[in-house]
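Here is a quick tour of a protein model, moving from the whole chain down to a few spots. Have the structure open while you read.

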Amino acid sequence: RMRSLSSGPHNDGVANAYQIGCREAVRCSYADATRSGPERGRQVMQIGELGSEHARAFQELRLAALRECPSAFASDYEEEHDTPIAVVAERLAAKPDRCVLGAWLKSDLVGIVGLQREQMRKLSHKAYIWGMYVAPAARGRGMGGRLLAQALTRAASMPGVRQINLGVNAANV
């Protein structure tokens with residue numbers, strides 16, 4: 001049985017990401033402490049499944065992640081920086097057994113997480129989380145938790161998936 005993550009008691013009455021299907025955007029508000037004056041207030045974060053049309057934004061954020069935190073990923077910048085956009089777009093194409101979710105602030109992609117079902121028949125009851133990253137300027141606002149919660153929702157929609165694996169680098173503070 002899968003357990004879902006809760007976004008906690010400070011969600012301002014906004015629906016938790018794990019309660020809404022992956023293809024529907026989740027709107028999560030938070031106080032924007034970086035602004036002042038009339039601009040200060042609420043911003044809207046949207047989380048949804050990325051598609052081929054998001055290839056360029058995904059690749060930019062992914063490369064930033066690989067540069068900033070090289071030990072946190074199995075891939076490295078040198079392996080991925082010359083990947084053609086067409087290849088990235090194909091990787092983001094909708095599939096029933098995998099997805100990449102993105103967190104958007106306005107028009108900026110600021111967070112990503114991947115979900116992939118194991119391909120071997122005997123392991124197909126398992127899925128794994130990969131490539132989790134939130135841009136430094138967007139950290140500390142609950143985006144990572146909301147991305148993971150949405151990934152769990154998506155995994156729950158995969159028939160037969162009973163286990164989700166997540167690996168974390170022990171040196172990642």
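## Surface and burial

The protein has an accessible surface of about 10100 Å², and carbon and sulfur atoms own 51% of that. Keep in mind that this is a predicted model.

As for what is tucked away, the protein has 173 residues, and 40% of them are buried.

## Overall layout

You'll find 4 helices and 6 strands in the protein. Walk along the sequence and they come up in the pattern β-β-α-α-α-β-β-β-α-β.

How do the contacts spread along the chain? Take those in the protein with a separation of 6 or more: 60% of them are between residues 24 or more positions apart.

## Helix H3 and its buried face

Which residues of helix H3 are buried? Within this helix, which covers residues 85-92, they are Val88, Ala89 and Leu92. Look down the axis of H3 and these buried residues fall within an arc of 100°, so they line one face of the helix. It helps to recall that an α-helix has 3.6 residues a turn, so residues three or four places apart point the same way.

And what do the buried residues of H3 pack against? Their partners are helix H1, residues 55-68, and strand S3, residues 98-105.

## A look at Ala64

Helix H1 is also home to Ala64. This alanine has a relative accessible area of 24%. Since buried means under 20% and exposed means over 50%, Ala64 counts as partly exposed.

Ala64 sits 13 residues from Tyr77 in sequence, and their C-alpha atoms are 8.5 Å apart in space.

Methods
Residues numbered from 1 in each chain as written. Predicted model: local features only at pLDDT ≥ 70, side-chain atom pairs only at ≥ 80, totals over all residues. Heavy atoms only, no water. Buried < 20%, exposed > 50% of the residue type's maximum accessible area, 1.4 Å probe, protein only. Helix = DSSP H or I, 4+ residues; strand = E, 2+ residues; numbered from the N terminus. Arc of directions from axis to C-beta. Contact = heavy atoms within 4.5 Å. Areas by Shrake-Rupley, 256 points an atom, 1.4 Å probe, with all protein chains shown as cover.
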